[in-house]
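Q: I'm new to this structure and would like a close look at one part of it. Could you walk me through chain B, starting with its pocket and then moving out to the rest?

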Amino acid sequence: MEFSEHIKTANVEDVVLRRPFYQPTKGTLCVTGHHLIFSNRGGDSARPFLLLLRNIDAIEKRPSVSSGTITLKCKDLCVLQLDIPGMEECLNIASSIESLSSLETVSEMYPFFYRPPFLSLQDQWGLSSTEQHYAQMKEIHDGWRVSQVNRDYSVSPSYPPAVIVPHSIDDETLVKAARFRQGGRFPVLCYYHRETGTVIMRSSQPLSGANRKRCREDELLLQAVIDGSELGYIIDTRSSQQAQQARMTGGGFESKSCYRGWKRLHRQLEKGKVLQESLIKLVEACGDQSHSVDRWLSKLENSKWLSHVQTALSTAGLVAECVERDGHSVLVHGSEGTDTSLLVSSLAQLILDPDSRTLAGFLGLLEREWVQAGHPFQQRCAHSAYSHVRLRHEAPVFVLLLDCVWQLARQFPLAMGFSEPLLLRLAKEVYASDYGTFLCNSDQERCVTGVKERTHCLFQSLLRANERQHYSNPLYERTELAIWPSIQPPSLQLWKGLFLQWTDDALHLVEAQKVIQNLVSQCHRPLNEKVENTDG
Amino acid sequence: MALHVYFCVSPCIVFVHHVRSEQVRMLDRFSNKSTSGTLHLTATHLIFVESNAAVTTAAQEIWILHHHIASVEKLSLTTNGCPLVIQCRNFRVVHFVVQKERDCHDIYSSLLRLLRPVSYEELYAFSYNPKQNDQQREEGWQLIDLGAEFERMGVPCDQWQLTDVNRDYKICDTYPRDLYVPITASKPIIVGSSKFRSKGRFPVLTYFYQEKKAAVCRCSQPLSGFSARCLEDESMLQAISKANHNSRFVYVMDTRPKLNAMANRAAGKGYENEDNYSNIRFQFVGIENIHVMRSSLQKLLEVVGSRSLSASDYLLGLESSGWLRHVKAVVDAAICLTKAVTVEGASVLVHCSDGWDRTAQVCSLGALLMDPYYRTIKGFMVLIEKDWISFGHKFADRCDQLDGDPKEVSPVFTQFLDCVWQLTEQFPQAFEFSEWLLLQIHEHVHSCQYGNLLANNQRQREELQLKDRTHSLWAFLLSEQQNYVNPAYCPGHAETHPVLEPSTLPCHFKFWRNMYLQFDRSMHPRQSILKNVLTLKENNRQLEDTVKELEARLKEHGISPPTLVPQAPYRGHRCFPTRPHSLILVAPLSQKEAQQRQEEEEEEEEEEVGEEATECCIDTERTVEGSSGTERKESYGDLQETYGAKAEPAVVSLEFGVARMTC
């Protein structure tokens, strides 16, 4: 279907645009297949304002006789208003936006049309493959190998073609173990801890079902993980009650008797609808213009968002603690293994691994643990907090991750190589992007739809020299140590940079950040060099 | 090192009593961690010295000034010993377990005796001697000059004059000697008005907004009862109104809730009747009284002090304590005052009941919003000196400096500092000082170490001859002001935003963790941007000096200095600015830094960055600061029971822990 079919009125003159931080301006509004373009009448100084239609979460129209007002609520939480002369134009524009912003066909989305001059489609899509990642970690080559068992996505449709597994387990065993795990997501390596030689694995739930089925191969696989050591931990991101209930629907958990040496710990992390509703309530609370502190605090509490942050960080802390302090390997899973498991495993890696705290390392972590590992971005991020559409699979798990990372960075402002603007950029891109990175639900889908050939990779774009500078933390000082976050509630804060980014207050913070940045860059280099030169 | 000040106590007092108890354990209030050591009790401090410190680390020491101790509680005997819980006014809570009950009782009873000074002469300020001669001390007291401050505002001028009616404190003994009133307010009017005002606190000028010639005046409530009126008082307000040609009327801001003000009428006090006063606009702004504030903060501390708090309980507790609501009420009132003065150009008269609590809060906060000068380090001191010290905020009573009526104690000044902090958070570039200054001032309001904040009013201070017998806090703070600089401060901000317009949305009012949990290190960010940037700046300054020196030397040899060629970043040679002497402020200076600095001082040798890693391997634990194994067990999981008894790791000291990375 052509985009033009959706566009009944392409151009409207004398539209007034109201958006945060700017005076209302009059200009021409233009609807294209993927964008709203608003250009100022004078058109001399200001660049036209460009809004990706995909970014629009909800649209409210108030037509009147001679004109109409459209309120656009965006997925990046920005709220815009367009005053359009002419009722018909207003309705046409609104309906174009409605239909174009909710297109579902992946290959029609903007990343397939976006061709920035600084990137080439011939470049490698993504930062690194499983094989490359494996090749870099020489220390695991003895005990672990790359398995191509999923090369045609037949073993697990949501896994990447290559995964890292214990050396002693052959592909045949993996295939059998995969049948015993939901979605075929058998336990795979996600982090190897050099000092203790222990690992973090992740998987989906075992399909033991009501009659407590067993799978010899799955047991063997886990046995091979803790080979020699007497103990391993399974961190189940469901409550034990939920895990019990899962048996009724064919899921389940690893029973003590079948998995010798593995100890199960339950930590209930919310996901899905609960999480989405939490986000909706939080955003609603942040938009509340009433001036009562009590009302604000009770709304903030009622959203439970900070509780989710607390639980996620504390579970990740627990995983890191098992690995680092107690020297035992850990398997993390919930039910599908595509949401909370990823959240916990990636946070634990940030706590433990200094390499994942650099800018490139963090993006690499996101690529491995989220993009390749099959977090269903398209389903989870179809809508954000403003949408009135009935919820299906939406859940802001990735936003929760970013918030937790922000909390970590707040507590260890020198330990992270990247800065808050990067997290904000990611929070925006995950919902609506020029790049193909967050399209689709799995690696397989990305291959089928040609995302890897016909779109550009966000991570690569972020690592270009000039972008890199913008997203680096000026105060970064690498530390090899684990960074243990405090999870006491007074240590956790509302992420103003994201949830209140469109208030005036955010401007002051951004300015202050710039000042610090300048200060540091002034202080850092030239003088040191001068001293050296003169000294020499 | 940072504590050396405290050693300078004159020796004749130190030996008066010195109780000592060994084998004392100090418990962390948020985890199961404990430290064992020895407890010393001197005339001025309670000192805990850690005993089993690792060889590489200096023993941790905690010094608690007796004046900081708000309460001591002896709990019932346990198998481990006798627990002693000490709550401090700077929000430190320590929990000791003393092995011998007799020792515990000795300490307990000595402390009880010590922490209730009955006369001012017993306070630390009178024995504290920072090795200054009399001349230095005198100069210290002259640093802040209120006469000069009123001149800076443009007073006296054609409408406002200095009056000498209170030269001998005859009209009002809680006001300062020098007062500024409208030119048309004659002495009989002043005297008459003062008789109609509670405690004689008649309307006087506290801030003059030169741009619009609008005045902020303050006073106490009128003794109007249900119907009384006073012509002199009415003319006084008339005079204030006439002194401002911009506005036909003067706002009267009663900072109390209407109900409270009405209740006061029954006691012969009350508020201005708009019918009697021509040209006034009367308004209540509803800040609660000192008793409400006291219990609100009490509730807040209970909430944040509870162990294993969930996020929900925390937020609900925050709400039910009402503290942030009260803080917002004060800020709202200041904004209201600021708008009236700067936008409408109207003069405002602010009062509450006695005009020394809420009035001081609102006037000073309003001035802070209106005048960029007060947002500088020196200016902020002037502001406190003017609106709090000289106008008679009862520091002695409110901060419980002497054994007195517990109902008089209230965190009014703390709340003011909290409001200022909220503003610094909203405008990170507008303030020259960082929160460290606020914390340090708060520390010393209770420490009674300096004379400025002692006693209830200027008259008392003169009687005590504080300027001759004690030292000035301002001089001390100014001497190390580089520590209190906000690195994000832009002096240019004052020109673009002379008047601050804070947002009053409730999400901008936050719990001030660094104040109320300042001694609970495990709660704090483990690395500080503030400290790091200050270090960088200091580093930079020293490098600049080195450059100059080297260039000068090259010149001596007749070589022109080379031009700057960009090179790979050079690392090493770290220097650290001197830290403030407060406990919270000293903490970010880690043990390792101290060692580094010492090394640098000794041999001025450049330190390789790589060394850090090897050096810290000697330390006991591979964690980042303060989060020891036991503590984490507490925070993240129930591992303990699942894998049985495992040897407890050596405990990382919390006090020094914050910035230390052990490896």
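A: Here is a walk through chain B, followed by a short visit to chain A. Keep in mind that this is a predicted model, and that the values below are computed from it.

Let's begin with the second largest pocket. Its volume is about 910 Å³. A total of 38 residues line this pocket, and those nearest its centre are B:A70, B:Q87, B:C88, B:Q298 and B:L301. Which parts of chain B supply at least two residues each of that lining? Three strands do: strand 5 (69-74), strand 6 (82-88) and strand 7 (93-98). So do three helices, namely helix 8 (290-304), helix 14 (412-426) and helix 15 (435-447). Helix 8 of chain B gives the most, with six residues. Sorted by class, the pocket lining has 17 nonpolar residues, along with 11 polar and 10 charged ones.

Now step back to chain B as a whole. You can count 26 helices and 14 strands in it. The chain has 663 residues, and 62% of them count as buried. If you take the contacts in chain B with a separation of 6 or more, 72% of them are between residues 24 or more positions apart. As for its surface, chain B exposes about 26,000 Å², and carbon and sulfur atoms supply 50% of that.

One helix to pick out is helix 10 of chain B, which covers residues 323-343. With 21 residues at 1.5 Å each, helix 10 should span 30 Å, and the 29 Å between its end C-alpha atoms agrees with that. Is helix 10 mostly buried or exposed? In helix 10 of chain B, 16 of the 21 residues are buried, so the rest of the structure largely encloses it. After helix 10 comes B:G345, with a positive phi near 70 degrees.

The loops of chain B have some details of their own. Between helix 4 (146-153) and strand 8 (160-163) there is a loop that holds B:P156. The peptide bond joining B:V155 and B:P156 is cis, with omega about 0 degrees. Next is B:Y169, in the loop between strand 8 and strand 9 (179-182). B:Y169 is not a glycine, yet its phi is positive, near 60 degrees. Its relative accessible area is 6%, so B:Y169 is buried. Another positive phi near 60 degrees in a residue other than glycine belongs to B:N279. You'll find B:N279 in the loop between helix 7 (258-265) and strand 13 (280-284). At a relative accessible area of 34%, B:N279 is partly exposed.

Last, a quick visit to chain A. Helix 8 of chain A (residues 305-324) has 20 residues and reaches 28 Å from its first C-alpha to its last, close to the 28 Å expected. Since 19 of those 20 residues are buried, helix 8 of chain A is largely enclosed by the rest of the structure. A:L408 sits in helix 12 (residues 397-411) of chain A. With 1% relative accessibility, A:L408 counts as buried. Leaving aside neighbours within four places in sequence, its contacts include A:L313, A:I351 and A:P485. A:L408 and A:P485 are 77 residues apart along the chain, but their C-alpha atoms are separated by 6.2 Å.

Notes
Residues numbered from 1 in each chain as written. Chains lettered and ligands numbered in written order. Predicted model: local features only at pLDDT ≥ 70, side-chain atom pairs only at ≥ 80, totals over all residues. Heavy atoms only, no water. 1 Å grid on protein atoms, 1.4 Å probe; cavity = no way out; pocket = protein on both sides within 12 Å on 5 of 7 lines; lining within 4 Å. Points joined across faces, edges and corners; volume = space filled by probe spheres on them. Helix = DSSP H or I, 4+ residues; strand = E, 2+ residues; numbered from the N terminus. Nonpolar A, V, L, I, M, F, W, Y, C, P; charged D, E, K, R; others polar. Buried < 20%, exposed > 50% of the residue type's maximum accessible area, 1.4 Å probe, protein only. Contact = heavy atoms within 4.5 Å. Areas by Shrake-Rupley, 256 points an atom, 1.4 Å probe, with all protein chains shown as cover. Expected span 1.5 Å × (residues − 1).
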